[in-house]
Amino acid sequence: MAEHAVVVVGGGPTGLMLAGELALAGVDVAIVERRASQEVVGSRAGGLHSRTIEVLDQRGIADRFLSQGKVAQVAGFAWIRLDISDFPTRHNYGLGLRQNDIERILAGWVDELEVPIYRDREVTGFAQDDTGVDVELADHRPMRAQYLVGCDGGRSLIRKAAGIEFAGWDPSTSSLIAQVEMAEEPNWGMGRDAIGVHSLARLEDGRVGVMVSERDVGHPGDPTLGDLSKALIAHYGTDYGVHSPTSISRFTDMTRQAASYRVRRVILAGDAAHVHYPVGGQGLNIGVQDAVNLGWKLAAVVKETSPESLLDTYHSERHPVAARVLRTTMAQTALLGSGERIDALRETMTELLGMDEPRKWLAGMMSGLDIHYDLGAGHPLLGRRMPDLDVATAAGTVRVFSLLHDAHAVLLNFGKPWGLDISPWANRVLAVDGKYAGAWELPVLGQVAAPAAVLIRPDGYVAWVGDGTDTGLREALTTWFGSS
Ligand SMILES: Cc1cc2nc3c(=O)[nH]c(=O)nc-3n(C[C@H](O)[C@H](O)[C@H](O)COP(=O)(O)OP(=O)(O)OC[C@H]3O[C@@H](n4cnc5c(N)ncnc54)[C@H](O)[C@@H]3O)c2cc1C
């Protein structure tokens, strides 16, 4: 029987990132993936937002993505551009990069970390008991894990088998996305009309990328070339002689979220936990960030340095983030509708987003840079992302993110060494004395008071802020990294 501490179902972006995080923490993890290869059929995500690039930078792999994509101001709200070039981050932009490439690069990293991927294998169910989970596979070969994570996409079998409610809203619009050839030169670009949005783009290989809204929702079965032709004619009055599709898929604005991200030893992440319309380009990004929030916590529980209750913070921190994405996506879907009243609303929004404060507020949200986990009252850094400062240390100047490459927690002390013995956590927390004389600035919030010390979790969020004393430090270390 194949046995692993953690089995991840689904090797999409979320499953790959989670497996990488667990492997970095030294956990025996394996992925079970239905697809025979990493190839993504059809068009899906087109890029990464700033916070996701930062998260990859925290592991030292951002350059692999940046070198393959196109840096641009990709953040937007219902296609209204949001420039983040004035945000205080090294990555004050987004990255245009196809999901196929994102998955290929992540799979390469996971391969370096020697995570086994059982490809061409399908999970059909599971049974959990007090010590683990029996994973049922279509080929009936036995597999067992201490924890099972469903990263198996929007139609998640794991979510359904766990009986987790997927509450939300039925679709109100339906769209087709396809890669095709056209006999005639089409009318390139994006547009909106009475039916909805449509766009025609020339792909690198000379083919045409089509995205068209359909008149009706609730189509049964897989989309056909006939459906695509009909939708093109409805928007453009012609189908431009569309032929030879390499892919045609359908997506909707169905908006749903798992009521619970965990049932005992079974956990959900990524699209398995939340689905929404692609406008705003959030799905893959929040899936990868779910994985980074969950990875170190699950590793600590598996290694028995933390109690299982640490996993409750995965739900309490990540559920609100996705709920907010669902809400802003529904708002964007409304703004993409048609009619003169919605046009007037769009113009008003465009004017509003031309002003600094509304732009920063919304751009902070869309880029993921404003995420604030509720870790209680205190310094504004508490529960927010640690900025990637250049810190002077005895070993020379280091970037904060480089201290996080191994996915360890970091205690960064800027003041006088206080002489607290944190040796009970020495194998979990890297203590560094450093100096930083510059300003402390956070996206959206602006300048904040310089802290005397910070405890940074492996996911890059600040768990404790020191005022020159060690008040609360031992408690924070115990909460996040287990008792001494
Ligand atoms: C048209 C479109 C455009 C999009 N654009 C963007 C964008 O610009 N930015 C963005 O962030 N997001 C975008 N998204 C969303 C993005 O594609 C998803 O959010 C992302 O793929 C979710 O990743 P995941 O790993 O959670 O799930 P998935 O990518 O769905 O991966 C799930 C994996 O699980 C495997 N699997 C499923 N069931 C089983 C099983 N029973 N056994 C074994 N394996 C199984 C599947 O084969 C798959 O590999 C877009 C989506 C669409 C449809």
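**Reading domains, ligand shell and single residues**

Modeller: In this predicted model, the centres of domain 1 and domain 2, taken over C-alpha atoms, are separated by 27 Å.

Biologist: Which residue ranges does the domain assignment give for the protein chain?

Modeller: Domain 1 is made of two segments, 2–168 and 256–367, while domain 2 covers 174–252 and domain 3 covers 390–481.

Biologist: How many residues of domain 1 are in contact with domain 2?

Modeller: In general, the size of an interface is often stated as the accessible area lost when the parts come together. Here a count of residues is available: six residues of domain 1 are in contact with 11 residues of domain 2. On the domain 1 side, three of the touching residues are nonpolar and three are polar, with no charged residues.

Biologist: Let us turn to the ligand. Which residues come nearest to the ligand?

Modeller: The ligand is surrounded by 34 residues, of which G10, G12, G153, G270 and G283 come nearest. Two or more residues of the shell are supplied by each of the elements α1 (13–24), β2 (29–33) and α7 (283–302). The most come from α7, which gives four residues.

Biologist: How do the residues of this shell divide into nonpolar, polar and charged?

Modeller: The shell around the ligand holds 11 nonpolar, 16 polar and seven charged residues.

Biologist: Which sign does phi have at H140, and where is H140 found?

Modeller: H140 is not a glycine, yet its phi is positive, at about 65°. H140 sits in the loop that joins β10 (133–137) to β11 (143–150). Because H140 has 7 C-beta neighbours inside 10 Å, H140 counts as exposed.

Biologist: And Y240: does this residue count as buried or exposed?

Modeller: Y240 counts as buried, because 20 C-beta neighbours lie inside 10 Å; the cut-off for a buried residue is 20 or more. Y240 also has a positive phi, of about 55°, although this residue is not a glycine. The loop between α6 (225–236) and β17 (242–252) contains Y240.

Biologist: My last case is T397. In which strand is T397 placed, and why does T397 count as exposed?

Modeller: T397 belongs to strand β23 (residues 396–399). T397 has 12 C-beta neighbours inside 10 Å and therefore counts as exposed, since the cut-off for that class is 12 or fewer.

Biologist: Which residues is T397 in contact with, leaving aside neighbours within four places in sequence?

Modeller: With those neighbours set aside, T397 is in contact with D390, V391 and A392. K435 is 38 residues from T397 in sequence, and their C-alpha atoms are 9.2 Å apart in space.

How values were computed. Residues are numbered from 1 along each chain as its sequence is written. This is a predicted model: local features need pLDDT of at least 70, side-chain atom pairs count only at pLDDT 80 or more; totals for chains, interfaces and linings use all residues. A residue is near a molecule or strand if its C-beta atom, placed from the backbone, lies within 6 Å of it. Ala, Val, Leu, Ile, Met, Phe, Trp, Tyr, Cys and Pro count as nonpolar, Asp, Glu, Lys and Arg as charged, and the others, Gly among them, as polar. Two residues are in contact if their C-beta atoms, placed from the backbone, lie within 7 Å. Domain bounds come from an automatic or database domain assignment.
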